[in-house]
Amino acid sequence: MDPDAGGSTAAPSTSTATPGTGPGAETKEGVGKKVMVILVGPPGSGKSTFAEAVLNAAAATGRPWARVCQDTIGKGKAGTKILCLKAAADALKEGKSVFIDRCNLEREQRADFVKLGSTVQADVHAVFLDLPAKVCISRSVSRTGHEGNLQGGMAAMVVNRMLKKKEVPLLTEGFSRIMFCKDDDDIKKAVDTYGALGPSDSLASGVFGEKSKVPVQAGIMRFLKKADTSSAQKSSGTMLTSSERNPGQQNTLPKQENPEAIGTCSIEVEKKSNNMKKNEEQSKQSVSSVINSHTLAFPSISTADFQFDLERASDIIVDTAAEFVQKHDNGRLVLVDLSQKSRILSLVKDKASKKSIDSSRFFTFVGDITQLKSKGGLQCNVIANAANWRLKAGGGGVNAAIFNAAGEALQRATKECADTLRPGSSVSVPLPSTSPLHQKEGVTHVIHVLGPNMNPMRPDCLKNDYTKGCKILHDAYNSLFENFASIVQNHTVKQNVETSSKKSASGVISPNDSKMKRADSHDSERAKKYKLLPPILPSRQNHEHKGSNTQNHHDNSMGSSDAPNQAREEDGKKNSAVTSKTWGSWAQALYEVAMHPEKYKNSDSILETSDEVVVLKDLYPKAKKHVLVISRTDGLDSLADVKKEHLPLLRSMHSVGLKWAQKFLEEDASLTFRLGYHSVPSMRQLHLHVISQDFNSPSLKNKKHWNSFTSAFFLDSVDVMEEVEQQGSATISPDEKILGMELRCHRCRSAHPNIPKLKSHIAACKSSFPSHLLKKDKLLSASTPHMDCT
DNA sequence: GTTCTAGAAC
DNA sequence: GTTCTAGAAC
């Protein structure tokens, strides 16, 4: 109970420890009293023991604690980080303080938890169990029955590897307090500190348990090590080999580890900020280095005329820029604004430095985006334009300025690339060398971007819907940065091709030249990548899509003599007029069977054929019994095509499905069946799934498989028939995100970290099915009286 | 080292 | 839809 029990290294601040104001009631409501302690340490460092010891000790304090342990979060077994995050969020919401019991050795591993802590206004602490590697290894080697099979000789190697990647927790990551525990004494102090923390106490901020003298040396050691990595690598080469050969004896490791392990926050922070300043200065001063690298200058999208909230916009800019920097090795991003006082610039600058983004790759610049080289001394080969949806020159702001500066050449070049632009997308336009912007400023590409609009006076106003708005703005920046990355990549390859061709005797690249092929393959890669970006509306790309689809039909002729390609092609056209979906070559199998079942007569997969339907055993059944009732109506590819006129067909399909379910139930009375459609099927040709609810099949392999049969993505046949009858069509939730959702048991709805764990659960789960399935005969079992559907 | 997932390619 | 594979996690 005594908050001072932690000893001198961890004296809780007394400022908020004011007892006598009803501590019991305060626990849940007191803001800022919750603590999230992120444990940091390799396997064998004693994280779980630590957390349990605190939980035991804290029982007397009245502060509720929860321990979120990744090793046991999946129903007693190992789970995922996502599960941990969810559990932590739930516990914090309930007013509990939390221990995050997972390795958390890398900054990235910790970041999401830190973020969670700050969103629920909890104090975020780190306790770094920084014991000698030897100790952790020997503990993890000797333990038995550890989840995740991390024990024995293997553990040594894993711990060894993890320690190589470890990153010392820093205050700049968002921790308000960090405790270093280098031995059992330190650990005991930390246990006492947290174990004694009353509901209304809080601990002082700062770094504790760090020896002040050693770190300086460590910092120097680290610096020296970095300065001469090559020689260090050479000298340690033999040592590494010996340790690999004999992982049990890690005598080289503690030595190697010492300089990495220590390093005070203050030194780290100073080093970081010095680096940042240095980088910033470099990027401003040395123009020559800028010329040599690809640089994208971009205005803040949507925050001027489109009135998008600056706070949110700055978050998105920093996030997407950080992603870009992490993902791509080349290319720099510069956010440009005209005014020195620009609020968006200062917001972004602050957030970027907090996020420790490499400031030589992403920085802000004050200047006119059309005169960056001539007036600002900053050469940017690519600039982004905050365009309008028509990609027209007029208007005001950046759009007008860029079109004016680039002249007619940009308008012509833009027209060649696209007619219109959708919010959240971008289009990259090569700027002809005749353009003054190209000549004066060295701009080779303009990327037009359209962001979300919050201005009621402008088209497509989102009326303050920031959920949509943020997503669109995020997409817009992603699209912009990916287009830029393609330019960088393409340019690099072209340069390589050019230099190598110059070296060759002729200097001319013939079509047969292998170097040319390399360039081609890259171009096609680029084209593919481009397609993945949010599509631009213009017909150009739609044609491309349809073209490739037609190609697929050709490819899929499979030499069948009595099915002329021409007819197939017409089918494709007819259907693409009904549904907008395009079908890959692999998605045609059911169509083939439905149109020509006689060809597959000898296959034992076909159970029944009539004028209306074909019944087929699913080639990759997702349960003990899984058959498809395929409609034979040409042109009816999915539920989206179904109209009232198809109601008799739906009823026939249902009836045939029921018949087969009955038949299977006679063979095995333990089964339960469900009949339904996938909202968005992967295979062309309307088909009804008849599937037993055991889901016991090796072909059920992933999240998508599971969720497609157990979430709202699976539409019960009875509901579909009812909706089509009443509304003339079935309600299809277009959200395919549902397929990526967490894995939940279809009976008891419990969550599971992965497919194997889920499968072992469902094999044993005896809970009754959710109530919505018990209505309207959605489930068929031996005990259910079967209803005919006529 | 193994287990598992997610994304790309077909 | 499946298969293959890189990489995340321990």
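Here are some notes on this predicted model, point by point.

1. Let's start with the cores. The largest nonpolar core has 37 residues, and the ones with the most contacts inside it are Leu296, Phe298, Leu333, Phe362, Tyr477, Leu480 and Phe481. At least two residues of this core come from each of strands E9 (295–299), E10 (332–337), E12 (382–386) and E14 (445–450), and likewise from each of helices H13 (310–327), H14 (343–354) and H19 (466–503). H19 gives the largest share, eleven residues. As a general matter, nonpolar side chains in soluble globular proteins tend to be buried together.

2. If you want one residue to click on in that core, try leucine 296. Setting aside residues up to four places away in sequence, leucine 296 touches Arg332, Leu333, Val334, Val382, Ile383, Ala384, Ile447, Leu480, Phe481 and Phe484. There is also a second, separate core, with 31 residues, including Val615, Leu647, Val656 and Leu688.

3. On to the DNA. Around DNA strand C there are 13 residues, of which Gln70, Gln109, Ser682, Lys701 and His705 come nearest. Of the atoms of strand C that come within 4 Å of the protein, 66% belong to sugar and phosphate. The protein surface near DNA strand C is made up of three nonpolar, five polar and five charged residues.

4. Which polar side-chain atoms lie by a phosphate oxygen of DNA strand C, and how far away? Histidine 705 has one at 2.6 Å, and lysine 701 has one at 3.1 Å. Tryptophan 586 is worth a look too, with a polar side-chain atom 3.4 Å from a base nitrogen of strand C.

5. Histidine 705 falls in the range of helix H25 (residues 703–710), where Trp706, Asn707, Ser708, Phe709 and Thr710 are buried. The cover over those buried residues includes strands E17 (626–631), E18 (672–678), E19, E20 (714–716) and E21 (743–744), along with helix H27 (755–764). At the N-terminal end of H25, asparagine 702 acts as the cap, with a side-chain oxygen 3.1 Å from the backbone nitrogen of lysine 704.

6. Strand E19, part of that cover, spans residues 687–692 and contains serine 692. Is this serine buried or exposed? Serine 692 counts as buried because its relative accessibility is 0%. Its side chain still has a polar partner: the backbone nitrogen of lysine 624, at 3.5 Å. Beyond neighbours within four places in sequence, serine 692 is in contact with Ala623, Lys624, Lys625, Leu671, Thr672 and Phe673.

7. A word on the cysteines. How many disulfides does the structure hold? Zero. For cysteine 748, the closest cysteine sulfur is that of cysteine 745, but the two are 3.7 Å apart, so they are too far for a bond; the cut-off used for a disulfide is within 2.5 Å. With 31% relative accessibility, cysteine 748 counts as partly exposed. Cysteine 181, in contrast, is at 0% and counts as buried.

8. One last stop, at strand E7 (residues 202–203), where you will find leucine 203. Leucine 203 is buried because its relative accessible area is 7%, which is under the 20% limit. Threonine 193 is ten residues from leucine 203 in sequence, and their C-alpha atoms are 8.6 Å apart in space.

Technical notes
Residues numbered from 1 in each chain as written. Chains lettered and ligands numbered in written order. Predicted model: local features only at pLDDT ≥ 70, side-chain atom pairs only at ≥ 80, totals over all residues. Heavy atoms only, no water. Buried < 20%, exposed > 50% of the residue type's maximum accessible area, 1.4 Å probe, protein only. Core = buried A, V, L, I, M, F, W, Y, C linked by side-chain atoms within 4.5 Å. Helix = DSSP H or I, 4+ residues; strand = E, 2+ residues; numbered from the N terminus. Contact = heavy atoms within 4.5 Å. Polar contact = N/O pair within 3.5 Å; in protein donor to acceptor, adjacent residues only side chain to side chain. Near = heavy atom within 4 Å. Nonpolar A, V, L, I, M, F, W, Y, C, P; charged D, E, K, R; others polar.
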